[in-house]
Amino acid sequence: MAQALLTVLFDLQLSHPTTELEGAPPFAPFAKGGLLRSKAANFPLFTLLSASSSLFLRVLCVNSFFSLPAYNFPRNHVLMHGVHITRRRVTIIGSYIVALVMDMDRLPIEGETVVGRDFHTTFGGKGSNAAVSAARLGAETFFLGKVGRDSFAADFITMLDREGVHREKVLYSPNLPTGVGIILFNSIGTNLIAIDPGANTQLSPADLEEHLETIRESSVIVSPLEIPLATALAGARLAKEHGVKAILNPAPACDLRHTDLSCVFALTPNETEARTCLGLPAADPAPDEELAAALLALGPEHVMLTRGAQGVLWASRHGLKKIPALKVNPIDTVGAGDAFNAGLAVGLSENESVPHSIALGITAGSLSTEKRETLASYPYRPEVDQRLPEILDALR
């Protein structure tokens, strides 16, 4: 493809223009100024210019436009030959839950106090996880959810800014705190967990109606069920009315047998969640193929049954297809499902085929299992693109 001279103007509008991203790839445009270079090519890519209260990033790059990876810019407004182009948008209608974590030698019994150690907080919630993962995969990502007016919410907003996720649609509860999970780990790896969903329970269909333009201007929305089911379904209905694809991740799962899912583009349970959605016990021996077919009968266009190391079982009106997982060395699978949903959404937002989008989700989710801590484990797009052909080749 012939090389083209691109002039790209990005209005970053950063509230803290000198803040650098922890763990960001070398090409992320968050330097304090000057010239950034790509480690993948020996030529200058970005020059940062400051003007009044905003930063403007002007990119002069002699290269093929279509060979450029989708880098994780928080704001993206592109001028190419006089045509205005924006990145495809993914909106997460979901939850944020801060995790309060403590290690101890043994877990307390009822009425007992024990001494713990290594207390720390981490960012959690399936919606928050998916938002960060989608942003790292290159999508212009919005988070639409509800938090309390407290320090946990302030930390969350700071994290969204750092990760390049739009936080303009973060809503605040007038009376409930930010969702919290308390997690106690013992020395042999078992745990006790208690969760107060807090403000997440107040995200309502009316909130989505009030912010309809956010859904309407999206390519894909993703809704896990740490928010009310009625709200997630309202989001799917609004999305379909405006030609937007809706991904419903039924986690935590609930019985969906009497729920109309015809507005859902993709339903993405794991094997245990699939059984719960069908009113079956977790240990029910029904084969995954039957589960996927039964879920498809509830109305979604697609069912993607995530099966860990076995990959994904994809069901649609055209039949069933098994898509393998990526070969990795897993050490921590927490949050991998959220990365899968993010990758699926990003692929669909880029107008990729359904199997290609599933492969992108599988690659992102698989790679996330090779590192500890949920957000720290989520890969950036170049790492995913490097391994993606392994899944695509298996599909041919």
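## A walk from a hairpin to a helix pair

Start by selecting residues 302-306 and 312-316: these are strands β17 and β18, which pair in the antiparallel sense over four bridges. Keep in mind as you click around that this is a predicted model.

Now zoom in on the connection. β17 and β18 make a hairpin, with five residues between them. Pick out glycine 308 in that turn and check its backbone: phi is positive, at about 60 degrees.

Next, look at who faces whom across the hairpin. Show leucine 305 and you'll find leucine 313 of β18 standing opposite. Then show methionine 304, whose bridge partner in β18 is tryptophan 314.

Stay on β17 and switch on its side chains. In a regular strand, side chains alternate between the two faces of the sheet. Here, His302, Met304 and Thr306 point one way, while Val303 and Leu305 point the other way. Is β17 mostly covered or mostly exposed? Turn on a surface: the strand is mostly covered, with five of its five residues buried.

What is the sense of the pairing between β16 and β17? Add residues 266-267, which are strand β16, and you have a parallel pairing with β17 over two bridges. To see one contact point, select alanine 266; histidine 302 is its bridge partner in β17.

Time to zoom out. These strands belong to an open sheet of nine strands with mixed pairing, in the order β11-β10-β7-β14-β15-β16-β17-β18-β19. For the edges, colour β11 (170-172) and β19 (319-323), each of which pairs on one side only.

Head over to the β11 edge and select residues 151-163. That's helix α2, which lies across β10 (140-147) and β11. Line up your view with β11 and you'll see α2 running at about 170 degrees to that strand.

Last stop: a pair of helices. Select α9 (residues 354-368) and α11 (residues 381-395), whose axes come within 8 Å and cross at roughly 125 degrees. That angle makes α9 oblique to α11. As for handedness, the crossing of α9 and α11 is right-handed.

To inspect the contact itself, show Pro355, His356, Ala359, Leu360, Ile362, Thr363, Ala364 and Leu367 on α9. On α11, the residues they meet are Arg381, Glu383, Val384, Arg387, Leu388, Ile391, Leu392 and Leu395. Colour this α9-α11 contact by class and you get eleven nonpolar, two polar and three charged residues.

Methods: Residues are numbered from 1 along each chain as its sequence is written. This is a predicted model: local features need pLDDT of at least 70, side-chain atom pairs count only at pLDDT 80 or more; totals for chains, interfaces and linings use all residues. Side-chain values use heavy atoms; hydrogens and water are left out. Axes are lines fitted to C-alpha atoms, for helices over the stretch in contact, and angles run from 0 to 180 degrees between N-to-C directions. Angles under 35 degrees count as roughly parallel, over 145 as roughly antiparallel, 65 to 115 as roughly perpendicular and the rest as oblique. A crossing is left-handed if the near helix is turned anticlockwise from the far one by less than a right angle, and right-handed if clockwise. Contact means heavy atoms within 4.5 Å. Ala, Val, Leu, Ile, Met, Phe, Trp, Tyr, Cys and Pro count as nonpolar, Asp, Glu, Lys and Arg as charged, and the others, Gly among them, as polar. Buried means under 20% relative accessible area, exposed over 50%, partly exposed in between (1.4 Å probe, protein chains only). Two strands pair if DSSP finds at least two bridges between them.
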